[in-house]
Amino acid sequence: MTEQIAAVAGPDVDSAEWLRVLAGTGPQREEGLARLHALLLRIARAEVARRGPRLRLTGPELDDLAYQAAADALIAITSKLGQFRGESRFTTWAYKFVIFEVSTKIGRHFWRHPSVPFDAEDWERLPDRFGFDPAREAEWRDLVVALRRAVDEELTTRQRRVFVALVLNGVPLDALVIELASNRNAIYKTLFDARRKLRAALAANGYIGDDGWRR
Amino acid sequence: MNGWSALERFLRTDPSDVGCAEAMELLHIYAELAAAGAPVEERYPGVAAHLRACGPCGEDFEGLLAAVRGEAH
């Protein structure tokens with residue numbers, strides 16, 4: 001599915017000024033680059049601080065990550081200036097690059113201290129991954145057995161590999177992208193197709209219907 | 001959320017979900033409209049469906065939204 005973008009007359013005044021300065025030469029461009037870098041660094045720092053509590057990163061590592069993200073975003077932005085079409089403010093478009101860089105760098109950082117190999121297969125984890133209550137195992141045991149059977153019998157090798165990494169082992173999607181030398185869209189699509197197949201298998205075996213579980 | 005509802009949510013896929021590539025392509029437009037209070041889920045339902053289902057893209061959206069809102073203040 002492709003969503004249509006509303007036609008725009010062109011960039012607003014501030015955005016046009018950013019484009020003029022960054023596409024220029026000499027001291028004015030250098031000053032513009034420094035100003036943009038400062039903005040990107042501020043956004044990167046705020047973003048790593050926002051995500052920081054959920055990451056195993058310390059203060060200096062977070063700041064280093066923010067610096068790297070701002071620097072790499074600046075390079076990406078200056079090389080893609082021609083792609084800015086004025087559909088948002090220039091700064092919003094630029095911030096998107098630094099947010100993506102923060103995500104990529106956090107994904108790389110995961111592999112410095114992985115909690116589990118991405119392809120380990122400890123299926124005892126499966127109920128816990130979805131938060132099933134061990135005290136009520138009698139209620140969900142058959143379902144989890146059926147789910148595992150569907151993983152084995154219905155998924156392709158790659159879908160199974162992605163399911164094991166993301167679901168069973170809790171590897172972050174951006175970290176798996178790096179491990180498999182892939183991209184976010186491809187990994188998401190692989191899991192999306194796997195989810196559809198698993199639901200269809202559970203429906204075919206009477207575990208789930210359009211209106212929910214058959215218990 | 002218990003195991004049943006978490007698994008049901010995991011298995012549920014939305015056919016209108018545009019995927020990561022298109023959501024990332026439109027994210028700056030979507031975030032700016034959302035920050036302005038526009039009915040962005042109606043304007044871009046496929047992006048909205050994707051952001052609900054994809055943790056990493058949803059995280060990027062929250063970050064970009066915070067950046068745009070922070071700039072406005």
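In what order do the elements of chain B run from the N terminus on? Color chain B by secondary structure and you can read them off as α-α-α-α-α. That is five helices and zero strands, where helices (H or I, at least four residues) and strands (E, at least two) are DSSP runs, numbered from the N terminus. The C-alpha atoms of chain B fill a box of roughly 40 × 25 × 20 Å, taken along the principal axes.

Before you click further: this is a predicted model, so local features need pLDDT of at least 70 and side-chain atom pairs count only at pLDDT 80 or more, while totals for chains, interfaces and linings use all residues. Residues are numbered from 1 along each chain as its sequence is written, chains are lettered from A and ligands numbered from 1 in the order in which they are written, and side-chain values use heavy atoms, with hydrogens and water left out.

**Stop 1: the interface**

Show both chains and select what touches. You should pick up 47 residues of chain A and 46 residues of chain B in contact (heavy atoms within 4.5 Å). The two chains bury about 4200 Å² between them, 62% of it on carbon and sulfur atoms; buried area here is the accessible area (1.4 Å probe) that two parts lose on being put together, summed over both.

Now turn on polar contacts. There are 20 residue pairs across the interface, both at pLDDT 80 or more. The rule wants a pair of N or O atoms within 3.5 Å; within protein, one must be able to donate a hydrogen and the other to accept it, and residues adjacent in sequence count only if both atoms are side-chain atoms.

Which helices of chain A each supply at least two residues of the side that touches chain B? Select helix 2 (26-51), helix 4 (90-110), helix 6 (137-154), helix 7 (157-168), helix 8 (173-179) and helix 9 (184-204). Helix 9 gives the largest share, ten residues. By class, this side of chain A has 23 nonpolar, eight polar and 16 charged residues. For that count, Ala, Val, Leu, Ile, Met, Phe, Trp, Tyr, Cys and Pro are nonpolar, Asp, Glu, Lys and Arg charged, and the others, Gly among them, polar.

**Stop 2: helix 9 of chain A and its partners**

Select helix 9 of chain A with helix 2 (residues 19-35) of chain B. Their axes come within 6 Å and cross at roughly 135°. Axes are lines fitted to C-alpha atoms, for helices over the stretch in contact, and angles run from 0 to 180 degrees between N-to-C directions. Angles under 35 degrees count as roughly parallel, over 145 as roughly antiparallel, 65 to 115 as roughly perpendicular and the rest as oblique, so this pair is oblique. Show Arg184(A), Asn185(A) and Tyr188(A) against Gly19(B), Cys20(B), Ala21(B) and Met24(B) to see who makes the contact.

Next, swap in helix 7 of chain A. Its axis and that of helix 9 of chain A come within 9 Å and cross at roughly 100°, so these two are roughly perpendicular. Among the residues in this contact are Phe163(A) and Leu166(A) from helix 7 and Leu191(A) and Ala194(A) from helix 9.

**Stop 3: Thr13(B)**

Center on Thr13(B), in the loop between helix 1 (3-11) and helix 2 of chain B. Leaving aside its neighbours within four places in sequence, Thr13(B) is in contact with Phe192(A), Arg195(A) and Arg196(A).

**Stop 4: salt bridges**

Here a side-chain nitrogen of Lys or Arg sits within 4 Å of a carboxyl oxygen of Asp or Glu. The structure holds 26 salt bridges over all chains, and six are found across the interface of chain A and chain B. Try Glu25(B) with Arg85(A), at 3.5 Å, N to O. Then select Arg45(A) and Asp63(A), at 2.8 Å, N to O. Arg45(A) lies in helix 2 of chain A and Asp63(A) in helix 3 (residues 59-79) of chain A, so the pair ties together parts 18 residues apart in sequence.
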